[in-house]
Structures are given as structure tokens and as C-alpha cells.
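User: Hi! I am new to protein structures and would like to learn how to read the place where a ligand sits. Could you guide me through it?

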Amino acid sequence: MSDYDTVSAEVEHEEEIPEDHPRYQDLITRHRIEKGVEKGITHLQGMHAEGRGSAFDYLLGEETIPSANDAERAAAAQLLLADHPVLSINGNVAALVPAEMVALADATGADLEVNLFNRTPERLTAIAEHLREHGADDVKGLEADARIPNLDHKRSKVDAEGIYEADVVLVPLEDGDRAEALDEMGKTEIVIDLNPLSRSPQVADVPIVDNIIRAVPAITEHARELADADDDELQAIIDDFDRERALEAAEERIRSGDL
Ligand code: ATP
């Protein structure tokens, strides 16, 4: 076994992972999820989700494919054009990209809302605190005084002034049932998910098949570039984006194995 093979289990801080490691990004991702579990912000099930994502990312070549970049630009346009955009944060999102989600919220004027599948007061508080440590001022989701229709009680909780009221929602790594229920509420949904066949990207208006670690900074960069764009220009970017083509392009890349 090489030194590289053992690196993930041994490191305490992610700076110890060598940047020239061939699976650098994957090791960083795993390390952050492990830390998230230790810190009580990520559920153990989040580790399984990460494992599934990692396999798809490997097949995508661990890069942002052109159709994902188009989706990221369309997502930025949707968030900028929205009346009330909300970015949803679960335990994996908080562990992987806390500062990046805060930066995206700043660039688009969106709210941040903690939205958990396995919801406990301890995890909610730990995630909100973690986001504040990474620069967030206002974190929604702690009240959860409204319900998404057609979901069981525990999984349906959202903030009345957050996701419930939002017109555009970014729901990365979202559970399929909830993505479907949000779609039925008429939300414009932006989903980040490495599996193009998963139900969440299948129901999304803007499915982004990319690793969240690359996707969120990319959306922020597009949003900054488009900061002075007028509504017609933003709408044209949204109209040009073809969700079916984006899903097909990702599936084609994964199936062809053409890295
Ligand atoms: P469904 O959406 O149909 O319920 P699922 O049960 O596989 O499918 P979940 O376990 O709820 O989905 O969510 C995990 C999803 O997140 C998987 O599709 C996985 O590919 C994706 N995923 C995991 N890690 C990442 C990541 N770092 N970036 C983007 N997507 C990821």
C-alpha cells in the first residue's frame, strides 16, 4: 500500500492532504464529511450519500462538464431574478461548503435555511452555529413553523418566511421525496446532485450534475459576473438552458466512461 492510500484515515487537518494526490478532491470531501459526523452536523447516512456521489464523480472525471457549467450559469440567473431565493442546507452541505454557501447567499441576496431529513434540535443548532462560524448572519430553519404539503410530519418542516414562501430554491443533495413535494408546490428548483438519474435532478428546473464542491463556487462566480445584467438578459440565459439536454449529457458522460 502506498502512503497515498492511507492518507484519508491518518490526517487530522485537511491541509495535510497532499495537493498533488491523484484523488485530492475526493479525499478532501471524505475528510470534511468525517469531520462533519464528528462535529454532530452530518448524519451517518450522509456518509453513504457521499460514497454514492464519489462514485458518480469518478465516472464524470471529477470535473465540471460543459453542460454543468451551463446549468450553473442558469442557476445564477434564476437566483438573481428571484423575488425570494432560498439556499437549503443539510448536514452534508454544511460539512462540505459552509463558507461557499454563505458567499453564494451574499452574491445573490438569498436566505440560508437549514433543512434536515434527520431533524434533531442538536443537529439544527450545530449546523446553524457552524454556518455562523463561516460568516453567516441570519440562518433560517430553526423555527420551522410551516409544512411542505404531502410529506410526513417530520420531513415536511420548513420556515414560513423561508423555503415555504420562496419562489426559487437551491436544494443540493436533496432527498427525492422532498424535491418532488417542493416541485408540486410550484417552486423553481435548482438541484445539485452527481447522479443524473436520481429523482431530485429529474424534477429540477435546473439540474446541476456536478460535485457541490465545484458547483457552488461556480454559481457564485457566474452570479458576480451577472451582477449588472438586466432582467431580460437573465431571462434569456434561463430560456436558453435546456434541462433535458443537461441531464442527457451527464448520463452520456457517465455511461460512455470517456474520461
Ligand atoms: P433519490 O434522490 O432518488 O431519493 P438517493 O436516495 O440516492 O436518491 P439521497 O441519499 O437522498 O439520494 O441523496 C444523495 C445524493 O447526493 C446522491 O444522488 C449522490 O449522488 C449525491 N451526492 C453525494 N455527494 C455529493 C456531492 N459531493 N456533490 C453532489 N452530489 C452529491
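Analyst: Happy to help; we will go through the surroundings of the ligand step by step. Keep in mind that this is a predicted model.

User: Which residues are the closest to the ligand?

Analyst: A residue counts as near if one of its heavy atoms lies within 4 Å of the molecule. Here 18 residues surround the ligand, and Arg52, Asp193, Ser198, Asn211 and Ile212 are the closest. By class, this shell has seven charged, six polar and five nonpolar residues.

User: Which helix gives the largest share of the shell?

Analyst: That is α3, with four residues. Both α3 (44–60) and α9 (199–203) supply at least two residues each.

User: Where does the ligand lie relative to the domains?

Analyst: Domain 1 (3–59) and domain 2 (66–254) both contribute to the shell, so the ligand lies between them. The space it takes is the largest pocket.

User: What polar contacts does the ligand have with Asp193 and Ile212?

Analyst: For such a contact, look for N or O atoms within 3.5 Å of each other. A ligand oxygen is 2.7 Å from a side-chain N or O atom of Asp193, while a ligand nitrogen is 3.0 Å from a polar backbone atom of Ile212.

User: How much of the ligand is buried by the protein?

Analyst: Taken alone, the ligand exposes 630 Å², and the protein buries 84% of that.

Definitions and conventions. Residues numbered from 1 in each chain as written. Predicted model: local features only at pLDDT ≥ 70, side-chain atom pairs only at ≥ 80, totals over all residues. Heavy atoms only, no water. Polar contact = N/O pair within 3.5 Å; in protein donor to acceptor, adjacent residues only side chain to side chain. Areas by Shrake-Rupley, 256 points an atom, 1.4 Å probe, with all protein chains shown as cover. 1 Å grid on protein atoms, 1.4 Å probe; cavity = no way out; pocket = protein on both sides within 12 Å on 5 of 7 lines; lining within 4 Å. Sits in = over half its atoms within 2 Å of the grid points. Nonpolar A, V, L, I, M, F, W, Y, C, P; charged D, E, K, R; others polar. Domains from an automatic or database assignment.
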